[in-house]
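Visitor: Hi, I'm new to this one. Could you walk me through it?
Guide: Sure, let's have a look together.

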Amino acid sequence: MYLHLGQDTVVTTEKIIGIFDIDRCTISKKTRDYLTAAEKSKRVINVSYELPKSFVVCESDDGVVVYISQISAKTLLNRSMNNLQLTMNN
């Protein structure tokens, strides 16, 4: 299944490693360091023109990609769970 992250960006749910709330997770220095390192290595894709609310870590062919989204982590998680339920019911 696919998950819409914002703007014109969609990822396959099989590639998602984690969905994180930006406000809660960036309190940790380790998370901030991780995001900084991902940005320096050009692995961050900002799909938000508004205030970012979440980030999604996904597998890619050449490593990991971090998507910054204006959609809340809770909404993204609910969408992915709804997709999973639809798949299981079919």
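**A chat about the model**

Visitor: Let's start with a residue. Where is Val 11 found?
Guide: You'll find Val 11 in strand 2. Keep in mind that this is a predicted model.

Visitor: Okay. Is Val 11 buried or exposed?
Guide: Val 11 counts as buried, because its relative accessibility is 8% and the cut-off for buried is under 20%.

Visitor: Which residues does Val 11 touch, leaving out those up to four places away in sequence?
Guide: Its contacts are Met 1, Tyr 2, Leu 3, Leu 5, Ile 16, Cys 58 and Tyr 67. One of these, Leu 3, is also the bridge partner of Val 11.

Visitor: And how do the side chains point along strand 2?
Guide: They alternate. Thr 9 and Val 11 point to one face and are buried, while Val 10 and Thr 12 point to the other face and are not buried.

Visitor: What about Lys 74, how far is that from Val 11?
Guide: Their C-alpha atoms are separated by 17 Å, and along the chain the two are 63 residues apart.

Visitor: Which way do strand 1 and strand 2 run, parallel or antiparallel?
Guide: Antiparallel. Strand 1 covers residues 2-6, strand 2 covers residues 9-12, and 4 bridges join them. One of the bridges pairs Gly 6 with Thr 9.

Visitor: How many residues sit between the strands of that hairpin?
Guide: There are 2 residues between them. Gln 7 lies in this loop, and its phi is near 50°, a positive value in a residue other than glycine.

Visitor: Is Gln 7 buried or exposed?
Guide: In between: Gln 7 is partly exposed, at 34% relative accessible area.

Visitor: Which other residue has a positive phi although it is not a glycine?
Guide: Lys 42 does, with a phi of about 60°. Lys 42 is in the loop between helix 2 and strand 4, and it counts as exposed because its relative accessibility is 75%.

Visitor: Switching topic: what's the strand order in the open sheet?
Guide: The order is 3-5-6-4, so to speak from one edge to the other, and the pairing of these 4 strands is mixed. Strand 3 (16-21) and strand 4 (44-46) are the edge strands, each pairing on one side only.

Visitor: How much are neighbouring strands turned against each other?
Guide: By 20° on average in this sheet, ignoring direction.

Visitor: And what holds strands of a sheet together in general?
Guide: Strands of a sheet pair through backbone hydrogen bonds, either parallel or antiparallel.

Visitor: So how do strand 3 and strand 5 pair here?
Guide: In the antiparallel sense, over 5 bridges, with strand 5 made of residues 54-60. Among those partners, Phe 20 is matched with Phe 55 in strand 5.

Visitor: How many aromatic pairs does the structure hold?
Guide: It holds 1 aromatic pair. Phe 20 and Phe 55 form it, and they are stacked, with 5.0 Å centre to centre and 20° between the planes.

Visitor: What does that pair tie together?
Guide: Phe 20 lies in strand 3 and Phe 55 in strand 5, so the pair ties together parts that are 35 residues apart in sequence.

Visitor: How accessible are the two rings' residues?
Guide: Phe 20 is partly exposed, with a relative accessible area of 30%. Phe 55 is buried, at 3%.

Visitor: Now the helix. Where does helix 2 lie?
Guide: Helix 2, residues 29-40, lies across strand 4, strand 5 and strand 6 (63-69). It runs at about 105° to strand 6.

Visitor: What span should the 12 residues of helix 2 have?
Guide: At 1.5 Å a residue they should span 16 Å, and the end C-alpha atoms are 16 Å apart, which agrees.

Visitor: Which residues of helix 2 are buried?
Guide: Thr 31, Leu 35 and Ala 38. Seen down the helix axis they fall within an arc of 60°, so they line one face of the helix.

Visitor: What do those buried residues pack against?
Guide: They pack against helix 1 (22-25), strand 4, strand 5 and strand 6.

Visitor: And which residues are exposed on the other side of helix 2?
Guide: Lys 29, Lys 30 and Lys 40 are exposed there.

Key. Residues are numbered from 1 along each chain as its sequence is written. This is a predicted model: local features need pLDDT of at least 70, side-chain atom pairs count only at pLDDT 80 or more; totals for chains, interfaces and linings use all residues. Side-chain values use heavy atoms; hydrogens and water are left out. Two strands pair if DSSP finds at least two bridges between them. Axes are lines fitted to C-alpha atoms, for helices over the stretch in contact, and angles run from 0 to 180 degrees between N-to-C directions. Contact means heavy atoms within 4.5 Å. Rings of Phe, Tyr and Trp (its six-membered ring) pair if their centres lie within 6.5 Å; planes under 30 degrees apart count as stacked, over 60 as edge-to-face and the rest as tilted. Buried means under 20% relative accessible area, exposed over 50%, partly exposed in between (1.4 Å probe, protein chains only). The expected span of a helix is 1.5 Å times one less than its number of residues. The arc is that of the directions from the helix axis to the C-beta atoms.
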